[in-house]
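Hello,

Here is the structure I promised to pass on to you. My notes follow below it.

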Amino acid sequence: MVRSVAVIGAGVSGLASVKCCLDEGLEPTCFERSEDIGGLWRYTNSMDSRRVSVYHSVITNTSKEMSCFSDFPCPEDFPSYLPHSLLMEYFRMYARHFDLLRHIRFKTTVLSVRKHPDFATTGQWEVVTEANGAQKSHIFDAVMVCTGHFQEPYLPLASFPGIDTRFKGRYLHSREYKDAEAFRGKRVLVVGIGNTGGDLSVELSHVAAKVFLSVRSSTWVVSRLSDQGFPLDMINTTRFNHFLDWLLPSALMRRIRFRKFNSWFNHANYGLASTKSSNFKVIVNEELPFCLLSGTIVLKSNVKEFTESSAVFEDGTTEENIDVVLFATGYIFPFSFLEESVRSLFDDNRSLYKRIFPPQLEKPTLAIIGLVQLTGSVMVGAEMQARWVTGVFAGWNKLPPTSKMMADVLKKKPPVESDPSERKNLKMSFISYIDEIASCAGIKPSVLKLLLTDPRLALAIFFGPCSPYQYRLVGRGKWRGARDAILTQWQRTLRPLRTRVADDSSDSSSSWHWMCFLVLPVALTAGFLFSKYPPLGWSPQAG
């Protein structure tokens, strides 16, 4: 019987895990090697080699309503997209509200996590920590690893001949970037076009003499703003759109998606992406297209090699007088504190059952939280994982036999992608994954049942944003404020914009009611089809 749980890391995943442990009556102890909560999101301008933090100008790519903890909405007056300072304020509010800080041991580094000698019968772990120069050994019934994606920089110098032998300029990983001032007047080459590479290229273009952005794969660029200025994820991430993805042929949905991408600007004209591309990624950046249009950023192909002061590209072109090369090439997550016999059970999260549990362990008392790539908020995914995992630890949820877990892993494991900078291409559908874990935990809402008991709420859930509050309507951890949070999420989205009232006498309430009336048969049909023919990978039962 699990009672004591070691939580490693006090970032988003760690805070959610501590809270979920408390909800299930477990006894969590969280070890955080820094002096504060927040993990990656706690900005600091120090160059601590052991710690990764966001850069100063970073703003979230997912909106507050789609990223918040499921039973703790963001304050109404917070903007939809949060700078790191406001996000940290929200984390502190969450930690205070649920009294989490007393369970966290700051400035404590986890040195090793090893199976206890009688692990096969007890499932216990020996955790060795260090604080103030003194080491201490602890015994825990279970361990939740919450160290996230961003552990160690991936710097593939071998793939860029000459960078560390001939090139006389400076090169660095994006982890070392804090602000643009150090690059003023420089000619900068950014390698990699994930969200970080795009953000840093734009920011550098304001101070650098010239910015070149080296791109290897097709990349579609989207804005955080969708139709009528609403947050993109609130408009796009809906159960109705998810139903269409399942219902319509994938080739047709792909064509519709590319057409939508190109409605903002023609990506082929900018050299970013083609509708014929089979391998592509999607990044969020409002300014990048204009920077390309204005010439402050120049798009280049993949780098072939470096000379003393220039970069030679695979298309045969050369850019001279490069001062700085900034690698936005992603991170690796080695879990060096885990003993080798455990670490060897999974090469990355794709070898984990539901991206969480090492399936070959004799006892399911080790869980990896937050190591999942989703098309929506990873924060929501981490909380959902923590809810299910703590339910398993507490005995409410059961895992299937090892053979079934291994079969599930092999069935869903995508092709191996060795380059961490390309792992964004392997993102999983936000709704599919969250629904899958929610089903395992017994907390997935039924739209069909709600249509019969609460039609207004059912329509909001099906056609509106798939926000985290939906997963607090039923099952363990049910929150009485969930219904109201769902029905008022648009008010919270618009509230921070009401700093000046513009007269608009149009009344759309009647048209909204008419629309709800007209789409009711569609929702009923969709609910029936989803229950009778669930999407691939979806299961109504745990396991």
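**Rings, charges and a core**

The charged end of arginine 224 lies over the ring of tyrosine 81, 5.9 Å from the ring's centre; a charge sits over a ring when NZ of Lys or CZ of Arg is within 6 Å of the ring centre and within 35 degrees of the ring normal. Likewise, arginine 476 has its charged end over the ring of tryptophan 396, 4.0 Å from the centre.

Before you read on: this is a predicted model, where local features need pLDDT of at least 70 and side-chain atom pairs count only at pLDDT 80 or more, while totals for chains, interfaces and linings use all residues. Residues are numbered from 1 along each chain as its sequence is written, and side-chain values use heavy atoms, leaving out hydrogens and water.

Next, the core. The largest nonpolar core (buried Ala, Val, Leu, Ile, Met, Phe, Trp, Tyr and Cys residues joined through side-chain atoms within 4.5 Å; buried means under 20% relative accessible area, exposed over 50%, partly exposed in between, with a 1.4 Å probe and protein chains only) has 106 residues. Phe91, Met144, Phe357, Trp388 and Phe393 touch the most other members. Domain 1 (4-151 + 333-412) and domain 2 (155-330) both contribute residues, so this core lies between them; the bounds come from an automatic or database domain assignment.

Phe91 also belongs to a cluster linked by ring pairs, together with Phe69, Phe72, Tyr90, Tyr94 and Phe98. Rings of Phe, Tyr and Trp (its six-membered ring) pair if their centres lie within 6.5 Å; planes under 30 degrees apart count as stacked, over 60 as edge-to-face and the rest as tilted. Tyrosine 94 is buried, at 0% relative accessibility, whereas phenylalanine 98 is partly exposed at 22%.

Best wishes
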